[in-house]
Amino acid sequence: MKNKLIRGIPASPGIVIGKAIRYVSENSKIQSTSDKGKIKIDEVKKFESALNMVRHELELIRKDFLARTDEYHARILDAELLVLDDETLMQNTINRIKKGNSAEESFKWVAEKALSEFKNIKDKYIQERVDDIRDVVERVLRDLKGQPQNLLLHKKEHILIATNLLPSDTATLDKSIVVGFATDLGGETSHTSIMARALKIPAVVGLNEITKLIKSGEEIIIDGNHGIIIIDPDERTRRAYEKRIYEFQEYEKELLSLATLPCKTLDGHAIELACNIEIQEELDMALDYGTSGVGLMRTEFLYLQKPLKEEKQFKIYDKFARKVYPHSLIVRTLDIGGDKLIDIGINNISTTEPKDMNPFLGWRGIRFSLDRRDIFIAQLKAILRANKKGNVKLLFPMIDGIHEIREAKKCVEKAKAQLDKEGKTYRKNIEIGVMIEIPSAAIIAEAIAREVDFLSIGSNDLTQYTLACDRGNMKVKEYYNPFHPAVLTLIKRTIDAAHKERKWVGCCGEIGNHPLAIPILVGLGIDELSVAPLYLLEVKKIIRALSMEEASIIANEVLSIDTEDEVKKYIKKIKNKIPVIREVMKKYEE
Ligand code: PEP
Ligand code: MG
């Protein structure tokens, strides 16, 4: 059947058309040993030699990947090297071999058992980090079976179709040969996806059975923007996609021409346009797009396997701060809990604790940091040290009132005292801001603004907490509405409170990149918008087409509406009033 369209998860943007090559993992064919009972010295040796080989290969891949990307991404491979140091995994395998099983059989059995224990943990991060273990397991099994490790046996340009690409396989992809890839498994934040974005290879993942539907040599289209693949396109579809590739390139060129232009309304009102980032690839993209700084650096990524030591964290913040200078780098301290890293068991942080019944209302963000001051102070020291040029700022998540701010500030002082004692250099002054993402904080925003240097509205959480609606629960998706009059009222209240206390206020939640929300936020007087790098130029395009006068009228009108339905109707009309918004929104319609 021509034109078979399959939807997956957009992992890395861009559109490509090319010939598919299937790569299917064969680790199920395991050699078994019939000679049970005999101690298998040779098999133990074989296993140990496979481990050494895999370690050596991963070190080489890391070196090569580091040369092609950066230390930040190369660290992903450290996670895999750590798996090779897992004594329980290795010793249990040797014990099984000694019972008379083959090295392959033993290792597969022990590894599958360990992986199945992770299966029951319903956490996106954990599930995606399981890939690191699978990667190592697959590599060791390939070695034990004498299979080649390198995927790139094909020399011609092609699109790779695989069950799942191991992060270490992705690291070795040659962009001039593999122009795109699609996989059965994987998620947006899996290491494979992160690496694809770092290498700028269009990719769609999480396609379920794509390896069963595509034959090698078949033509396919990968649309990494929308997470779509089309198998065997007919001439018309092919031409339509060639046109899209052209239009996408032209649209990108047009947007890129905005990168160096100021972010000002038609009547000259300037808005700081910063970015939300987690990893360096995002910062690089944002800098190319002319960001005026980092409005939110999420740091949860640094705690995936175990909390990074102060020194390593310092190196990362320092590198980011230098890259973004003279603009600001706002580092948010660890926001563990809620949907992030729950149950991960990093360094026994949370597995030793009883499970939260309502994790979003539980041990999250600043609450965790204030209880685990050892971890918190190490992070604060690293951030303080990175503020060499005075462009680093601190941001605390999940603040519900004044008490937490004062406690967090005491920790900053403690971190400074430790740095003094250790003779490490840092600046005494650092600006401190808090996230306004709990309704209580928005309600007393004036008092909070007196305690800090700036406020940053976290509309993602502010919406879920105001409306008592889990932001990740698809069953209540309809209730999650950042345009609800109550949410808009709290946003207005926060902006007014900050200004009354002569403090600046930004918004780093997703509402900031919603084309229909931009006139409202600008009209309410927001000083800064911080958005994902991908949206920077579109947001700037909209701001540059607005006048402050027009935006204030829109904000006043929308804030005077009491019902959700009428707000909905009203914001639809914004699209017709402002042609640029209509144009940007068209891009999201397939
Ligand atoms: C928010 O809550 O709006 C926010 C920016 O923080 P996060 O999405 O990381 O919770
Ligand atoms: Mg939040």
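Helices, as the term is used here, are DSSP runs of H or I with at least four residues, numbered from the N terminus. The model on display is predicted, and the tour below begins at its ligand.

**Stop 1: the ligand and its shell**

Select ligand 1 together with helix 17, residues 459–466. This helix supplies 3 residues, the largest share of the shell around the ligand. The full shell holds 15 residues, and the closest are Arg298, Arg332, Gly458, Asn460 and Arg471. If a cavity display is available, turn it on: the space that ligand 1 takes is the largest cavity.

**Stop 2: polar contacts of the ligand**

Next, show the side chains of arginine 298 and glutamate 437, and the backbone of asparagine 460.

- Arginine 298: an N or O atom of its side chain is 2.7 Å from an oxygen atom of ligand 1.
- Asparagine 460: here a backbone N or O atom lies 2.8 Å from an oxygen atom of the ligand.
- Glutamate 437: a polar atom of its side chain lies 3.0 Å from an oxygen atom of ligand 1.

How much of the area that ligand 1 exposes when taken alone does the protein bury? The ligand exposes 290 Å² by itself, and the protein buries 99% of that.

**Stop 3: three strands and a crossover**

Now select strand 14 (residues 454–457) and strand 15 (residues 504–507), which pair in the parallel sense over 4 bridges. Within this pairing, phenylalanine 454 has tryptophan 504 of strand 15 as its bridge partner.

Add strand 16, residues 528–531. Strands 15 and 16 run parallel and are joined by 2 bridges. Cysteine 507 can be picked out here, with leucine 529 in strand 16 as its bridge partner. While viewing these strands, one may recall that side chains in a regular strand alternate between the two faces of the sheet.

Then include helix 19 (residues 518–524). Together with strand 15 and strand 16, this helix makes a right-handed β-α-β unit.

**Stop 4: two backbone details in loops**

Select tyrosine 325 and proline 326. The peptide bond from the tyrosine to the proline is cis, with omega near 10°. Proline 326 is placed in the loop between helix 11 (310–324) and strand 11 (328–332).

Finally, move to methionine 398, in the loop between strand 12 (392–396) and helix 14 (402–422). What sign does phi have at methionine 398? Phi is positive, at about 60°, although methionine 398 is not a glycine.

Notes: Residues are numbered from 1 along each chain as its sequence is written. Chains are lettered from A and ligands numbered from 1 in the order in which they are written. This is a predicted model: local features need pLDDT of at least 70, side-chain atom pairs count only at pLDDT 80 or more; totals for chains, interfaces and linings use all residues. Side-chain values use heavy atoms; hydrogens and water are left out. Two strands pair if DSSP finds at least two bridges between them. A crossover is right-handed if, with the strands pointing away from the viewer, the path from the first strand over the helix to the second runs clockwise. A residue is near a molecule or strand if one of its heavy atoms lies within 4 Å of it. A polar contact is a pair of N or O atoms within 3.5 Å; within protein, one must be able to donate a hydrogen and the other to accept it, and residues adjacent in sequence count only if both atoms are side-chain atoms. Accessible areas come from the Shrake-Rupley method with a 1.4 Å probe; for residues, only the protein chains shown count as cover. On a 1 Å grid over the protein atoms alone, a cavity is a set of points where a 1.4 Å probe fits but cannot get out, and a pocket is an open set with protein on both sides within 12 Å along at least five of seven lines; lining residues have an atom within 4 Å of a point. A molecule sits in a cavity or pocket if more than half of its atoms lie within 2 Å of its grid points.
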